[in-house]
Amino acid sequence: MPTNGAGKPAKKLISIQRNAAQHWVGDGFPVRTLLAYPELGSLISPFLLLDYAGPIEFPPTEKHLGVAEHPHRGFETVTIVYAGEVEHRDSSGGGGRIGPGDVQWMTAASGVVHEEFHGRDFARRGGILEMVQLWVNLPARDKMSPPRYQNILNNQIPIASLPNGQGSVRVIAGEFGRFTGPARTFTPIHVWDLQLASEQRIDLAVPDGYNATLVVLKGTVRVNGCETIGVAEAGLFDRAGGHICIDSAHDATALLLCGEPIDEPIVGSGPFVMNNAEEIRQAIADYQGGKMGHLSPRGTYSEIP
Ligand code: MN
């Protein structure tokens, strides 16, 4: 169980991202962007962006709420659902409906066109939507590899218990102790979905040399004994150091994201993230030329698997 620092110093807290303003992505996702590469690039690499949607209650509707057809190239979009349902389909043939606890790991790589909507049954029923969308960068060598789609269901994600009733860790990607997450990744990454019990001190071993970010979704925690991180806030940690100490005042939900940094230039524009401006021009031309494919006409919800 990686709950000791293995003799290494703690990772220093570099900054806390606070007060993210809400904006709408399409008409389905009211998000707060807690992490974004234009400001934080090398501090959060290999991650690029994290949008936290909700929690917000939607009334029942027959409308298709969400984001219509749009492209991506050069990275992966990872959607982690906490409440509600999301439906997706893309031009590489990937698609599915995911609900609470499920994860969609879409590798856009050389390019896809996709759409993201509330699930039909959820929309008709109405209810709380809460989800995270994380963008994971690809190294230059993999940016033009073929797209792929991993639909990861809740029951495929192992849950590691922390000692002494401190809580649990859902291992979405990478490893935690003897548990291995189901997501296949291009570079070394750990994505841990933490449920922390109140009044606990948890010492998490996080690899020396990895960037690490703690994103709090519920509750309040203190890290390394001093700084407080609250709801919809993210603590960024130094690459150096081998562990992070977390004190939970109340029950808390948080994502611990860490990974080996990709130390390459990042040049992005909207849905494309590449290494230089010429590659962005090419991405726009390829999208406009139809090279990222198209979705078949939407028809009805029932066509979606
Ligand atoms: Mn998208």
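Before I start, one working rule: I call a residue buried under 20% relative accessible area, exposed over 50%, and partly exposed in between. I also remind myself that this is a predicted model.

**Entry 1: a tyrosine and its partner**

I looked up Y287 and found a relative accessible area of 30%, so I noted this residue as partly exposed. Its ring partner F272 has 4% relative accessibility and therefore counts as buried. I then checked the geometry of F272 and Y287: the pair is tilted, with 6.5 Å centre to centre and 55° between the planes. F272 belongs to strand β26 (residues 272-274) and Y287 to helix α3 (residues 277-288), so this pair ties together parts that are 15 residues apart in sequence.

**Entry 2: other aromatic pairs**

I wanted the total next, and the count came to four aromatic pairs. Among them I picked F176 and W192, which meet edge-to-face at 4.9 Å centre to centre, with 85° between the planes. Where do F176 and W192 lie? I found F176 in strand β15 (residues 175-176) and W192 in strand β17 (residues 189-196), so the pair ties together parts that are 16 residues apart in sequence. I checked burial here too: F176 is buried, and W192 is buried as well.

**Entry 3: the manganese ion**

Which protein donors does the manganese ion have? I listed H70, H72 and H114, each through NE2, and E116 through OE. These donors lie 2.1 to 2.4 Å from the ion. Along the sequence I wrote the spacing of the donor residues as H-x1-H-x41-H-x1-E. I placed H70 in strand β5 (residues 66-72) and E116 in strand β10 (residues 112-118), so that pair ties together parts that are 46 residues apart in sequence. Buried or exposed, I asked of H70 and E116? Both H70 and E116 turned out to be buried.

For later angle checks, I jotted down that the ideal values at a metal are 109.5 degrees for four tetrahedral donors, and 90 or 180 degrees for six octahedral ones.

**Entry 4: a four-stranded sheet**

I traced an open sheet of four strands, in the order β18-β23-β20-β21, and its pairing is antiparallel. At the edges I found β18 (200-205) and β21 (227-229), each pairing on one side only. I also looked up the twist: neighbouring strands of this sheet are turned by 30° against each other on average, direction ignored.

Last, I zoomed in on one pairing. Strand β20 (residues 221-223) runs antiparallel to β21, and three bridges join them. I followed R222 across to β21 and found T228 as its bridge partner.

Key: Residues numbered from 1 in each chain as written. Predicted model: local features only at pLDDT ≥ 70, side-chain atom pairs only at ≥ 80, totals over all residues. Heavy atoms only, no water. Donors = N, O, S within 2.8 Å, 3.2 Å for Na, K, Ca; no water. Helix = DSSP H or I, 4+ residues; strand = E, 2+ residues; numbered from the N terminus. Buried < 20%, exposed > 50% of the residue type's maximum accessible area, 1.4 Å probe, protein only. Pairing = 2+ DSSP bridges. Axes fitted to C-alpha atoms, helices over the stretch in contact; angles between N-to-C directions. Phe/Tyr/Trp six-rings, centres within 6.5 Å; stacked < 30°, edge-to-face > 60°.
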